[in-house]
Amino acid sequence: MWQMSNAVRHYPWGSRTVIPELLGEPVPADRPHAELWMGGHPDEPSVLSDGTPLDKAILAQPGALLGPAVHERFGPRLPFLMKVLAADAPLSLQAHPTMAQARAGFAAEESAGVPKDDHTRTFKDPWHKPELLLALTTFEALCGFRPVEESLHCLAKLQLPDLKPTIAALARGGLQAAIPQLLALSDKRRTHLVEVVAERAAEFVAAHDPEFINTYRWAAALAKAYPGDAGVVISLLCNHLKLAPGEAVFLPAGNLHAYLSGAGVEVMASSDNVLRGGLTSKHVDLAALIEVLDFSDGKIPVIHPVLGPGGLRYPVPVDDFDLTRVQLDEQAGPMVTAGPQVVLCTEGRAVLESEGREVVLDKGRSAFVPAGAPVSARGPAVLYRATTNLR
């Protein structure tokens with residue numbers, strides 16, 4: 001059991017306050033803190049208190065640190081990555097591949113000799129990337145495609161002649177026809193379409209028309225940040241999700257999504273495969289994106305926790321990860337799992353004890369606990385515990 005040092009990633013969309021305040025550090029004047037990474041991802045591995053990067057420690061002792069079942073299922077790697085994500089501005093519109101798609105895409109780019117740091121590289125590793133976002137604050141996101149009938153109404157309500165081709169494609173061929181049609185527009189037509197959509201959407205917001213008001217509000221805002229970007233129009237076809245603190249959403253492979261604002265704890269399969277579809281200045285691989293997208297439509301369920309061993313658990317349908325919110329009081333209680341654990345303290349001070357050793361976690365600090373380690377914990381504190389979902 002070790003306390004960890006974790007890397008912070010600085011992206012323009014990040015918050016200047018949330019992560020520094022969590023870590024008890026001075027708030028920077030002009031440097032956004034977007035993500036705090038906790039895990040063994042080779043790009044930003046956490047460093048154990050003895051100075052060893054977590055990925056290297058696991059490679060040296062995979063059976064002891066991961067446990068036999070996790071080692072056999074996932075190999076000598078921690079299969080999940082835990083983050084604190086803090087967004088003051090929208091992230092890109094994106095989707096992630098299935099395991100089969102990731103393996104095929106990675107093998108193809110490796111065979112073609114595309115460098116992993118090439119800005120056009122699409123598949124960075126052979127792993128899928130399902131993810132769970134648990135809101136710490138009010139959190140807004142675009143998540144999956146709304147029901148087609150609802151999207152048709154949302155587009156038609158704007159009464160724009162320029163949208164007629166998109167409406168026709170959606171009505172006749174569904175999302176599989178409408179999305180490629182939007183992405184294939186010429187620069188001139190796309191820029192004009194985004195301008196008129198944003199202008200009309202802003203008119204509905206100014207008139208306080210309640211129907212689709214959040215969808216239109218975000219379309220107008222996104223057009224200011226990303227003028228001429230097809231993602232502005234595509235956002236009208238997506239579910240708008242507003243999570244209250246303590247609520248969560250699970251994003252499977254192929255789900256088109258964009259986090260818009262708020263802070264949360266995110267846990268995901270340990271991968272860096274991101275296929276962008278808009279709202280970004282980075283490379284967009286349209287062919288790969290269309291191949292990966294899940295064009296199913298419908299509402300996205302909000303996940304509420306269930307009472308599980310040790311706390312409030314957020315159930316997900318994958319083996320790679322599991323997330324539990326643990327409320328500790330002053331009485332010590334067991335915190336043992338069959339798999340490895342990454343534990344983050346977000347409130348108070350937690351004391352973890354295992355075989356006569358103690359690790360103290362103040363707010364913003366985290367620890368790695370090997371599989372099956374006999375750990376007890378006391379507070380008062382709030383912990384978020386990530387482990388695997390193998391049973």
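Which residues of strand S1 lie on its covered face, and which on its uncovered one? In S1 (residues 2-5), Trp2 and Met4 make up the covered face, while Gln3 and Ser5 make up the uncovered one. The model you are looking at is predicted, so local features need pLDDT of at least 70, side-chain atom pairs count only at pLDDT 80 or more, and totals for chains, interfaces and linings use all residues. Residues are numbered from 1 along each chain as its sequence is written, and side-chain values use heavy atoms, with hydrogens and water left out.

**Strand S1 and its partners**
- Strands here are DSSP runs of E with at least two residues, helices are runs of H or I with at least four, and both are numbered from the N terminus.
- In a regular strand, side chains alternate between the two faces of the sheet.
- S1 runs antiparallel to strand S19 (residues 366-369), and three bridges join them; two strands pair if DSSP finds at least two bridges between them.
- Trp2, from the covered face, has Phe368 as its bridge partner in S19.
- S1 also pairs with strand S4 (residues 47-48), in the antiparallel sense and over two bridges.
- Met4 has Leu48 as its bridge partner in S4.

**Helix H5, side by side**
- The 14 residues of H5 (residues 99-112) should span 20 Å at 1.5 Å a residue, and the end C-alpha atoms are indeed 20 Å apart; the expected span is 1.5 Å times one less than the number of residues.
- Met99, Ala102, Gly105, Phe106 and Glu109 are buried in H5, meaning under 20% relative accessible area, with exposed being over 50% and partly exposed in between (1.4 Å probe, protein chains only).
- These buried residues cover an arc of only 135° around the axis, which puts them on the same side of H5; the arc is that of the directions from the helix axis to the C-beta atoms.
- An α-helix has 3.6 residues a turn, so residues three or four places apart point the same way.
- Ala100, Ser111 and Ala112 are exposed on the other side of H5.
- Gly113, just after H5, takes a positive phi of about 75°.

**Helices that pack together**
- Helix H6 (residues 148-157) and helix H7 (residues 164-173) pack at an angle of about 165°, with their axes 10 Å apart; axes are lines fitted to C-alpha atoms, for helices over the stretch in contact, and angles run from 0 to 180 degrees between N-to-C directions.
- H6 and H7 are therefore roughly antiparallel to each other.

Technical notes: Parallel < 35°, antiparallel > 145°, perpendicular 65-115°, else oblique.
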